[in-house]
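Dear colleague,

Please find below the structure that I am handing over to you, followed by an account of what was found in it. I should be grateful if you would read the two side by side.

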Amino acid sequence: AFSRAALDVPGLSEARVRQLRAAGALREPADAFRWIDDGGALPDSTIANMTCIADLPGWGAKSAANLVGALRRTAAGGVPLHRFVYALGIRHVGAHTSRILAAEFGSATAFLAAGRQRFAELAEEG
């Protein structure tokens with residue numbers, strides 16, 4: 001989920017996410033990160049998406065290019081674990097609980113490796 005508490009991508013507000021979803025350019029948050037390429041060149045599918053996005057009301061070529069730049073900066077800078085957990089959209093896990101889980105697990109690897117049993121234990125501990 002894109003929000004200031006989760007994956008804060010400058011220029012990508014909730015209204016813009018809804019607009020991108022309605023246009024078919026974005027189905028889920030991970031789609032936006034598929035638009036960027038580590039080599040610096042944009043994949044053909046990204047160029048097609050950027051053309052589609054540039055044609056949307058309120059966008060334009062510069063706004064579409066700025067979005068790709070903001071996504072690259074967000075990906076390169078990484079996301080703190082509590083924001084990553086919050087962005088997953090887990091039911092009953094808000095900003096506060098995501099900070100508790102991040103403190104408990106310490107890394108995305110440990111969080112993702114935890115099984116249901118560990119999460120159940122944490123829920124019982126409160």
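**Salt bridges between helices H6 and H8**

Glu 104 counts as partly exposed, at 40% relative accessibility. Please bear in mind throughout that the model is a predicted one. The side chain of Glu 104 meets that of Arg 118 in a salt bridge, with an N to O distance of 2.4 Å. Because Glu 104 belongs to helix H6 and Arg 118 to helix H8, this pair ties together parts that are 14 residues apart in sequence. Arg 118 is likewise partly exposed, with a relative accessible area of 24%.

Arg 118 also takes part in a salt bridge with Glu 121, where the N to O distance is 3.2 Å. Here the two partners are both in helix H8, three residues apart, and are therefore separated by about one helical turn. Glu 121 counts as partly exposed, at 32% relative accessibility. The count of salt bridges comes to two, and Glu 104, Arg 118 and Glu 121 are linked by them in a network.

**The chain as a whole**

The secondary structure comprises eight helices and zero strands; from the N terminus on, the order of elements is α-α-α-α-α-α-α-α. The chain has 126 residues, of which 32% are buried. If one takes the contacts between residues at least 6 apart in sequence, 50% of them join residues at least 24 apart.

**The two sides of helix H6**

Helix H6 spans residues 95-105. Its buried residues are Ser 98, Leu 101, Ala 102 and Phe 105. Viewed down the helix axis, the buried residues of H6 fall within an arc of 100°, and so they line one face of the helix. This may be read against the general geometry: an α-helix has 3.6 residues a turn, so residues three or four places apart point the same way.

What does the buried side of H6 pack against? Its partners are H5, helix H7 (108-113) and helix H8 (116-125). On the face turned away from the buried side, H6 carries the exposed residues His 96, Arg 99 and Ala 103. After H6 comes Gly 106, which has a positive phi, near 80°.

**Contacts between H5 and H6**

His 82 is located in helix H5, which covers residues 81-87. With a relative accessible area of 17%, His 82 falls under the 20% limit and is therefore buried. Leaving out residues up to four places away in sequence, His 82 touches Ser 98, Arg 99 and Ala 102. The C-alpha atoms of His 82 and His 96 are 8.8 Å apart, for a separation of 14 residues in sequence.

Ser 98 is buried, and its relative accessible area is 1%. Its side chain reaches the backbone oxygen of His 82 at 3.3 Å. Apart from neighbours within four places in sequence, Ser 98 is in contact with His 82, Val 85, Tyr 86 and Val 93.

**Aromatic rings**

How many aromatic pairs does the structure hold? There are three. One of them joins Phe 105 and Phe 111 in an edge-to-face arrangement, with 5.6 Å from centre to centre and 80° between the planes. Phe 105 and Phe 111 are both buried. Another edge-to-face pair is formed by Phe 111 and Phe 119, at 5.5 Å centre to centre and with 75° between the planes.

Ring pairs thus link Phe 105, Phe 111 and Phe 119 into a cluster. Within this cluster, Phe 111 is buried, with a relative accessible area of 5%, whereas Phe 119 is partly exposed, with a relative accessible area of 28%.

A further point concerns a charge and a ring elsewhere in the chain. The charged end of Arg 16 sits over the ring of Trp 59, at 3.9 Å from the ring centre.

With kind regards

Definitions and conventions:
Residues numbered from 1 in each chain as written. Predicted model: local features only at pLDDT ≥ 70, side-chain atom pairs only at ≥ 80, totals over all residues. Heavy atoms only, no water. Helix = DSSP H or I, 4+ residues; strand = E, 2+ residues; numbered from the N terminus. Buried < 20%, exposed > 50% of the residue type's maximum accessible area, 1.4 Å probe, protein only. Contact = heavy atoms within 4.5 Å. Polar contact = N/O pair within 3.5 Å; in protein donor to acceptor, adjacent residues only side chain to side chain. Arc of directions from axis to C-beta. Phe/Tyr/Trp six-rings, centres within 6.5 Å; stacked < 30°, edge-to-face > 60°. Lys NZ or Arg CZ within 6 Å of the ring centre and 35° of its normal. Salt bridge = Lys/Arg side-chain N within 4 Å of Asp/Glu carboxyl O.
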